[in-house]
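This briefing is meant for a reader who is meeting the structure for the first time. It takes the chains one by one, and then turns to helix packing and to a single residue.

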Amino acid sequence: MTSIGTGYDLSNSVFSPDGRNFQVEYAMKAVENGGTAIGIRCKDGVVLALEKLVTSKLLKPGANKRISTVDRNMGVVSAGLTPDGRHFVSRARDEAAQWRSLYKAPIPTAALANRMGSYVQAYTLYSSVRPFGVTAIIGGWDSEVEVPVDGQVGAGPAVGAGGKKEGEKHGGPYLYMIEPSGLYWGYYGAATGKGRQAAKSELEKLDLAAGNLTLEEGVKEAARIIYVAHEDSKDKEFELEMTWVSSLSGPTKGRHEEVPQKLREEAERLAKKSLEGDDDEDDKPEGEKMEE
Amino acid sequence: MFRNNYDNDSVTFSPQGRIFQVEYAQEAVKQGSVVRNAEELSSYQKKIIPIDSHYGVALAGLASDARVLSNFMKQQSLASRLTYDRPILLSEITHRIGDRAQTNTQHYGKRPYGVGLLIAGVDAKGPHLFEFQPSGVTQEMVACGIGARSQMARTYLERNLEQFAEASREELVKHALRALKESLSQDKELTVDNTSVGVGGVKEDFKLYEGQELSGWLETTFENMNTAPEPEAGESMEVDS
Amino acid sequence: MNHLPQAWGRPRDDIYGAYNHAHLAPSHPTTHTQSPIVTGTSVIALKFRGGVVIAADNLASYGSLALHRREAAEKFNDKAVLGFGGDVSDMQYLDRYLNALAIRENYSSGSGAGEKASSTSTDASEEERAESLDNEGAGTGMAANNLHKYLQKLLYRRRSDFNPLWNHILIAGLSSPPPNAPDASPQPFLKSVDLLGTAFGAPSLATGFGAHLAQPILRRVVPDEEAVKKIDEATAVEAIRECMKVLWYRDARSLDRYSLAVVTKEGVRLSEDERVEGQSWEFAEGIRGYGTQVV
């Protein structure tokens, strides 16, 4: 960052001569210091996972949940400044409620990502505000069945004009990641925070685009990836927080919920085991990481 | 005048992604008991504020900021009883002031609150203790200390952490007083004039104890203290930075 | 120039003529709902030892026209059921409103990602789930008394804005334990709130025609709170069914299909397709003094 100190990085919404907005880049630095957060889009649902570093022994274990529900079918996890994450979630909930009151139906995950992208982007435009110090991952399941509008009489035309498109598939799992710049993409696997590089390379190995990974496998992979991403800051304790959302016929019945304790503990046990295995077989990648 | 170019306001990130103004506000919390003045013509600053019958807050930092926040909490708590016929959840009220504090860190022309709070009491989900920081960070704790030299108090609390879950009401008050004593500078003592204790419990409204009400607790607590001195006390001095 | 301050800045009367105030404000006042349009009739409810039973028929009337069927009783969560009398569109509005409330409740009842409510074993069909009227997450936060207080404030606010929601609502369920006795078992709760925001509770309650026809019968079964402790669920349900029959006989805007819900600590049992059984219209023979009868 050669332009640091030239004055173009002191105010939000100001371009440097080479076309960069430094304040946004600095906000991303805040994200990089936060615990790792990941999301995995499986064939029958989405998993969100978060590494929460234990900053004090006095913290109440298991409390201080940081993955939030939006509407009933979506979850948000973020890395970076926690209060900014709460601001983000609060806005997302408002958007979801507003959508419902206008359209009498839940907001699709893609539409929420779009709206939140616009909201976050607006915080890069003015010198009177600072950008969000978070990168947020939104995971949701859009209902695959017809959701009746309340009070509707009749079902309307089944197909054709004014009706449905024949053979069209509705709903499914969705995953988006929104950065401090407001940029967002849809993902099969998303990672942010301190351990994102390690997490990303693990996610790439899963070949998620093929769409074969089941939700339960996804939970186990998510736990393992958080443990792998934690390797760099091994000296610090952490708590693993995981949530998921499945189809209506799946374990969460279309709702975003915490992964049940039993399954989470099982996933953590497997994660620890696979790490121990790694240590025995190839110490090399470990050592390389340490040198970075 | 400024330490660097990035600490003029709370809407500027430093190249490392820090917001110095917010960090400086946290320092105001550590100034804690400076607010408490001990001049003879005035009384000590009240540092525990009962909010609703089921909970109260303790403050460290700018007392006037705490008053703004506690007034807000009183309004919200009454509104909950009025419109929902139920005492507000401690997690809920803590999040609300956390969200308010966050707004102050993202908009130009505002400043972060210069106060830290401990929010303690009992709601429908049981006993709770939350810590609130000027950054808007809120955390649920098992035990906590904030303010000047509070590291010493926290060290005491960490060392006795396992006992709290099983401790009786009286034992907890003693632990609290001992932890508070740790944070005092060498020549100071806890007295009925400079100490107050707030207690909230299941089937017990939050109540503030002051003055002579404390004499019994102070006497019994520090008698014990003399008979069983903490050997590690000197060691933990160095932890304080 | 006119020296009176009221005239400053106004066109001069001697040149332009007197100001026509009709241009300033509409000649008629702003009006909101003056009467309900499509309506539902009676809702009746009765407390018993350990719970509450509530029933309402499934007819939506447009004046004297039987228009269509309606949902009359709605489960809010495992602790509360609502019965709506009055305007059906206002009921549907309130339904949406309460759904939004339930979603908000779900946010705070868990500390983050909705902690699962205590009873997750409801065998709701996929469609029911998708409709998300069954607000499981609100299980921990909102008991019937909380919901009632909220609706009372809402309806009173609306009437104070001269824009009332034209409903009379019964809220039946279990109340949250008092703060000084958190382990106390939840008590049966039954209160009403009307379009003015007037609210009160009683061992038995009825809206609309039911207040005239069913209430006396119900009061015979359960005259006071003491009596509530003495009758069981079966007796209470039987009394309610009897009243639904009387209402079907006598209320010309009623239907012989009704919804019936029972709330106990086991949860809510809501059936939306009950029928008036064992009808006998023989009593009609004995009625004299109305219609075309001569003798």
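## Chains and helix contacts

Of the 295 residues in chain C, buried residues make up 45%. The model is a predicted one, and the values below are computed from it. In chain A, which has 292 residues, 50% count as buried, and in chain B, which has 241 residues, buried residues also make up 50%.

**Chain C**

- The secondary structure of chain C consists of eight helices and 13 strands.
- When contacts in chain C with a sequence separation of 6 or more are considered, residues 24 or more positions apart account for 68% of them.
- Chain C has an accessible surface of about 15,400 Å², and carbon and sulfur atoms hold 54% of that area.

**Chain A**

- Seven helices and 10 strands make up the secondary structure of chain A.
- Within chain A, 70% of the contacts between residues at least 6 apart in sequence join residues that are at least 24 apart.
- The accessible surface of chain A amounts to about 13,500 Å², with 50% of it belonging to carbon and sulfur atoms.

**Chain B**

- Chain B comes to eight helices and seven strands.
- For contacts in chain B with a separation of 6 or more, the share that comes from residues 24 or more positions apart is 57%.
- About 12,000 Å² of chain B is exposed, and carbon and sulfur atoms supply 50% of this area.

**Helix packing within chain A**

- Two packed helices are described by the angle between their axes and the distance between the axes.
- In chain A, helix α2 (residues 82–103) packs with helix α3 (residues 109–122) at an angle of about 130°, and the two axes are 10 Å apart.
- Angles that are neither under 35 degrees, over 145 nor from 65 to 115 count as oblique, and α2(A) and α3(A) are therefore oblique to each other.
- The crossing in which α2(A) passes α3(A) is right-handed.
- On the side of α2(A), the contact is made by His87(A), Phe88(A), Arg91(A), Ala92(A), Glu95(A), Ala96(A), Gln98(A) and Trp99(A), while α3(A) contributes Ala111(A), Leu112(A), Arg115(A), Met116(A), Tyr119(A) and Val120(A).
- Sorted by class, this contact of α2(A) with α3(A) has nine nonpolar, two polar and three charged residues.

**Helix packing between chains B and C**

- Helix α2 (residues 63–84) of chain B and helix α4 (residues 144–160) of chain C have axes that come within 6 Å and cross at roughly 90°.
- Angles of 65 to 115 degrees count as roughly perpendicular, and α2(B) and α4(C) are therefore roughly perpendicular to each other.
- From α2(B), the residues that make the contact are Leu82(B), Thr83(B) and Tyr84(B), and from α4(C) they are Asn146(C), Lys149(C), Tyr150(C) and Lys153(C).
- By class, the contact of α2(B) with α4(C) is made up of three nonpolar, two polar and two charged residues.

**A single residue in chain A**

- Ser274(A) belongs to helix α6 of chain A, which covers residues 261–281.
- The relative accessible area of Ser274(A) is 27%, so this residue counts as partly exposed, the class that lies between buried, under 20%, and exposed, over 50%.
- Measuring from C-alpha to C-alpha, Ser274(A) and Gly62(A) are 24 Å apart in space, and in sequence they are 212 residues apart.

Technical notes:
Residues numbered from 1 in each chain as written. Chains lettered and ligands numbered in written order. Predicted model: local features only at pLDDT ≥ 70, side-chain atom pairs only at ≥ 80, totals over all residues. Heavy atoms only, no water. Helix = DSSP H or I, 4+ residues; strand = E, 2+ residues; numbered from the N terminus. Buried < 20%, exposed > 50% of the residue type's maximum accessible area, 1.4 Å probe, protein only. Contact = heavy atoms within 4.5 Å. Areas by Shrake-Rupley, 256 points an atom, 1.4 Å probe, with all protein chains shown as cover. Axes fitted to C-alpha atoms, helices over the stretch in contact; angles between N-to-C directions. Left-handed = near helix turned anticlockwise from the far one by under 90°. Nonpolar A, V, L, I, M, F, W, Y, C, P; charged D, E, K, R; others polar.
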